[in-house]
Amino acid sequence: MFEKHNTFSLGDTVRKTKGSQWTGKVVGFYSTALTPEGYCVESSTEIGSVQIYPVSALELVTKS
């Protein structure tokens with residue numbers, strides 16, 4: 001069930017690609033049966049606010 005997270009690294013800046021806006025730094029990883037590769041992203045504007053997204057919902061802004 002758990003797969004390697006290698007699309008983004010801790011500290012990479014990413015943004016959500018569809019729907020509501022969210023830009024921030026990757027601060028963690030997660031994996032579930034439905035989301036084999038997911039990322040925890042701390043907002044660039046609302047420090048301390050973290051959202052989780054599957055890899056398919058994110059794009060790289062800058063590499064750490």
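Student: How many residues lie between β3 and β4 in their hairpin, and which residue in the turn has a positive phi?

Tutor: A hairpin is read from its two strands and the turn that joins them. In this predicted model, six residues separate β3 from β4, and G48 in the turn has a positive phi of about 95°. The two strands, β3 (residues 38–43) and β4 (residues 50–54), are antiparallel and pair over five bridges. Within that pairing, Y39 faces Y53 of β4.

Student: Which strand joins β3 by six bridges?

Tutor: That strand is β2 (residues 23–30), and β2 and β3 run antiparallel. One place to look is G24, which stands opposite S43 in β3.

Student: Is β3 enclosed or open to the outside, and why?

Tutor: Count the buried residues along the strand. Five of the six residues of β3 are buried, so the rest of the structure largely encloses this strand.

Student: What is the order of the strands in the sheet?

Tutor: To read a sheet, go across it from strand to strand. Here the order is β4-β3-β2-β1-β5, an open sheet of five strands with antiparallel pairing. β4 and β5 (58–62) are at the edges with a single partner strand each, so each has one side without a neighbour in the sheet. On average, neighbouring strands of the sheet are turned by 50° against each other, direction ignored.

Student: How many bridges join β1 to β2?

Tutor: There are three, and these strands run antiparallel. In this pair R15 stands opposite T23 in β2.

Student: How many salt bridges does the structure hold?

Tutor: Start with the general idea. Side chains of opposite charge can pair when their charged atoms come close. This structure holds two salt bridges. One of them is between D12 and K63, with the closest N and O atoms 3.1 Å apart. D12 is in the segment before β1 and K63 in the segment after β5, so the pair ties together parts 51 residues apart in sequence. D12 is buried, with a relative accessible area of 0%.

Student: Which side chain meets R15 in a salt bridge?

Tutor: The side chain of E59 does, at 2.6 Å from N to O. This pair also links distant parts of the chain, since R15 is in strand β1 and E59 in strand β5, 44 residues apart. R15 is partly exposed at 35% relative accessibility. E59 is partly exposed too, with a relative accessible area of 33%.

Student: Which side chain of opposite charge is nearest to K16, and how far away is it?

Tutor: For a charged residue without a salt bridge, look for the nearest opposite charge and then for other partners. K16 is in strand β1 (residues 13–16). K16 is buried and has no salt bridge; the nearest side chain of opposite charge is E59, 12 Å away. A polar atom of the K16 side chain does lie 2.7 Å from the backbone oxygen of K18. Apart from neighbours within four places in sequence, K16 is in contact with W22, Y53, A57 and L58.

Student: Where is E37 found, and is E37 buried or exposed?

Tutor: E37 is in the loop between β2 and β3. E37 is buried and has no salt bridge, and K63, the nearest side chain of opposite charge, is 9.7 Å away.

Student: With which side chain does E37 make a polar contact?

Tutor: The partner is the side chain of Y39, at 2.4 Å. You have met Y39 already: this residue stands opposite Y53 in β4.

How values were computed. Residues numbered from 1 in each chain as written. Predicted model: local features only at pLDDT ≥ 70, side-chain atom pairs only at ≥ 80, totals over all residues. Heavy atoms only, no water. Helix = DSSP H or I, 4+ residues; strand = E, 2+ residues; numbered from the N terminus. Buried < 20%, exposed > 50% of the residue type's maximum accessible area, 1.4 Å probe, protein only. Lys, Arg positive; Asp, Glu negative; His and termini not counted. Salt bridge = Lys/Arg side-chain N within 4 Å of Asp/Glu carboxyl O. Polar contact = N/O pair within 3.5 Å; in protein donor to acceptor, adjacent residues only side chain to side chain. Contact = heavy atoms within 4.5 Å. Pairing = 2+ DSSP bridges. Axes fitted to C-alpha atoms, helices over the stretch in contact; angles between N-to-C directions.
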